[in-house]
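Dear colleague,

I am handing over the structure we spoke about, and I would be grateful if you could look through it alongside the notes below.

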Amino acid sequence: MRLGVCYYPEHWPESMWEDDARRMKALGIEQVRIAEFAWSRIEPTPGEYDWAWLDRAIDVLGAAGLQVVMCTPTATPPKWLIDRHPDILPIGADGRARAFGSRRHYDFSSPSYFAASQKICTAIAERYGKHPAVVYWQTDNEFGCHHTVVSYSPAAVARFREWLKARYKTIDELNRAWGTVFWSMEYRGFDEIDAPVATVTEAHPSHRLDYRRFASDEVVRYNRMQVEIIRAHSPGRPVAHNFMQLFTEFDHYKVAADLDVAAWDSYPLGALEEQWFAPDVKARWPRSGHPDFASFNHDVYRGMSKLPFWVMEQQPGPVNWALWNPAPLPGMVRLWSWEAFAHGAGCVSYFRWRQAPFAQEQMHAGLNTPDNRLDVGGSEAAQVASEIHTVLAADAHANAAIRSKVALVYDYEAKWLFEIHPQGADFHYPRFAFEYYSALRALGLDVDVVPVDASLDGYALVVVPPLPVVSTDLAARLASSGAQVVLGPRTGSKTQDLQIPANLPPGALADVLPLRVWRVESMRPNVTEPVRLAGTQDANTQDGVARHWRDFVESNDTDPLEVLARFADGHPAYVRSGAFHYLASVFDDTLTVRLFEKIAQQAGIETMPLGESVRISRRGALTYVFNYGDTAHTITHVADDAFVIGSAAVEPQGVAVYRAK
Ligand code: GAL
């Protein structure tokens, strides 16, 4: 458990560096991330490297006792490189090249950029790979940020054709898998296939899905190239990448498989503003963020990180990039930091040391104001640093790995497939996954977020948000896990090739769940459908509402299904067969929590209903309590002397940590 900071020596006069390093150390910071945007200073002219300034910056940080996270600077190719190789620029869906003048202006498929990246990564890894102060690495910066995963360049299309050839082997097989006979879209050879863009009406969905899969694999390939170079020149130093919050444009599991540390960048206020949340939800948490948002990301990245995951960038104050940028409530920077550790983070690193007075992010806070005084976030970071000692003294393994009783299956292809083939405009996979997660957290449960190919043994409850493609292998693992299994609507509704399964949804799941989905409908946001639980006597009472979507389900006539809730028109809304629970719609939050509570009980898991603003996490011997709300929360049944941080009265934005019995 340690703190870090993002630092840009190239933004400040060298005369400030020593004092900065001294103050970082005094504040309790142990690691400093540098150089991810410094290419134009490292290689000001083609082939001529200026290492002197960076050598001195690293020496200053090292001399102060700080550990350096060295970055490859490939998120910002310099102007001279773009002018030499204009094909580096990605091509948008409109066919136009995206211009130089900000960042991430590169195409993952560009051969010239791949070669230029190999060169700069090798140069940096050779120079600093064995430097005693360089302890960790970061590849690039936020792959995919600013919509940069997919490019429609000639280079990308050429590589896409090769990718298709490797996947389908013959053009006949591709035509069959996609179903190109529809609308006379059949191809005679792979070279006839273009990017699925600029078509008259929607491009073929299977074509689009494969393009997304291909684009994702290009990110994997590009990151792997960097990791291999770093490992060759800097053996034994862990390599990280800083992923983004709830970002889904490439398969993060596959990229993380090549890394040691999956890190992510946590900006809870910007996220609340930018994500799907309804206006009333945005207005409810403007200065704290949604109580489950950072946690969800922590659990996503913990699940894919070989070493403890990190928060590589932690919001320290107002950001600049959302539509509105409120200031965090006093206490929130501390709360967010502790929440990360409570979910198993190895490091929380703040973005950035000092607010920059120039360029795009001049309105983005740092730990220090532009005139170099400690800002609120800086003071809270200092408090966290001193509290870390207290917590580690109470439990040296305070953030050790644990296995939760609950697993939530989370998948990237599901997002792409539903986005390509939504059937209802607001069928937003990350949102529904988040809502299930949030319901579990509101019951006081710790959750492991796992990929579709994870081992499910040992979990008591497995929750599967709408998952279109279910393999026979996953169906079998769910059945043999011994867990209670909750399946969201549309689960098993498509094949790998984005077709309807021959036996209708839930496809392969029908082997273990005797169900047939014979019709579906989507519902606009202001249309809901009442739901009544079995056993609710009064025919006029509703227990909640269904939103967005309805599966019309029936037993596939071998075995009867237990119908545990119905829609107002009598169709089943929630059915059960043995340990499998199928939800035929997305229910409102209260009903979802109620159903999950019941199912958790059936799984033998103790729940602790917490309401909307208090959250708890258990890790090692410690229990952490976080209060996102505006009134104090009282912890009952815990002896005063069990508290390591705080007390039984948890103030708004407060944190308490106690030794569990
Ligand atoms: C991140 C990015 C940083 C900085 C930050 C501002 O997305 O990695 O470089 O731009 O956002 O909040």
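The notes below take the ligand site, then two helix pairs, and then some backbone details.

This is a predicted model, in which local features need pLDDT of at least 70 and side-chain atom pairs count only at pLDDT 80 or more, while totals for chains, interfaces and linings use all residues. Residues are numbered from 1 along each chain as its sequence is written, and side-chain values use heavy atoms, with hydrogens and water left out.

The ligand site

The residues near the ligand (a heavy atom within 4 Å of it) are F37, R103, N141, E142, D265, Y267, E313, W321, F351, E361 and H364. Sorted by class (Ala, Val, Leu, Ile, Met, Phe, Trp, Tyr, Cys and Pro as nonpolar, Asp, Glu, Lys and Arg as charged, and the others, Gly among them, as polar), this shell has 4 nonpolar, 2 polar and 5 charged residues. Polar side-chain atoms of three of these residues form polar contacts (N or O atoms within 3.5 Å) with oxygen atoms of the ligand: the distance is 3.0 Å for N141, 2.8 Å for E313 and 2.3 Å for E361. On its own the ligand has 310 Å² of accessible area (Shrake-Rupley method, 1.4 Å probe), and the protein covers 95% of that area.

Helix packing

Helices and strands are DSSP runs numbered from the N terminus (H or I, at least four residues, for helices; E, at least two, for strands). Axes are lines fitted to C-alpha atoms, for helices over the stretch in contact, with angles from 0 to 180 degrees between N-to-C directions.

Helix α1 (residues 17-27) packs with helix α3 (residues 52-63) at an angle of about 35°, their axes being 9 Å apart, and the crossing is right-handed (the near helix is turned clockwise from the far one by less than a right angle). In contact here (heavy atoms within 4.5 Å) are W17, E18, A21 and M24 of α1 with W53, R56, A57, V60 and L61 of α3; by class, that contact has 7 nonpolar, no polar and 2 charged residues.

For helix α13 (residues 332-342) and helix α14 (residues 376-394), the axes come within 8 Å and cross at roughly 35°, and α13 likewise passes α14 in a right-handed crossing. Among the residues making this contact are W338 and F341 of α13 and V384, I388 and V391 of α14, and the contact divides into 7 nonpolar, 3 polar and 3 charged residues.

Backbone details

The peptide bond from F351 to R352 is cis, with omega near 10°, and R352 lies in the loop between β8 (347-350) and α14; F351 is also one of the residues around the ligand. A cis peptide bond also runs from P505 to P506, with omega near 5°, where P506 belongs to the loop between β12 (484-487) and β13 (515-522). Finally, W183, in the loop between α7 (171-178) and α8 (205-233), has a positive phi, near 60°, in a residue other than glycine.

With best regards

Notes
A polar contact is a pair of N or O atoms within 3.5 Å; within protein, one must be able to donate a hydrogen and the other to accept it, and residues adjacent in sequence count only if both atoms are side-chain atoms.
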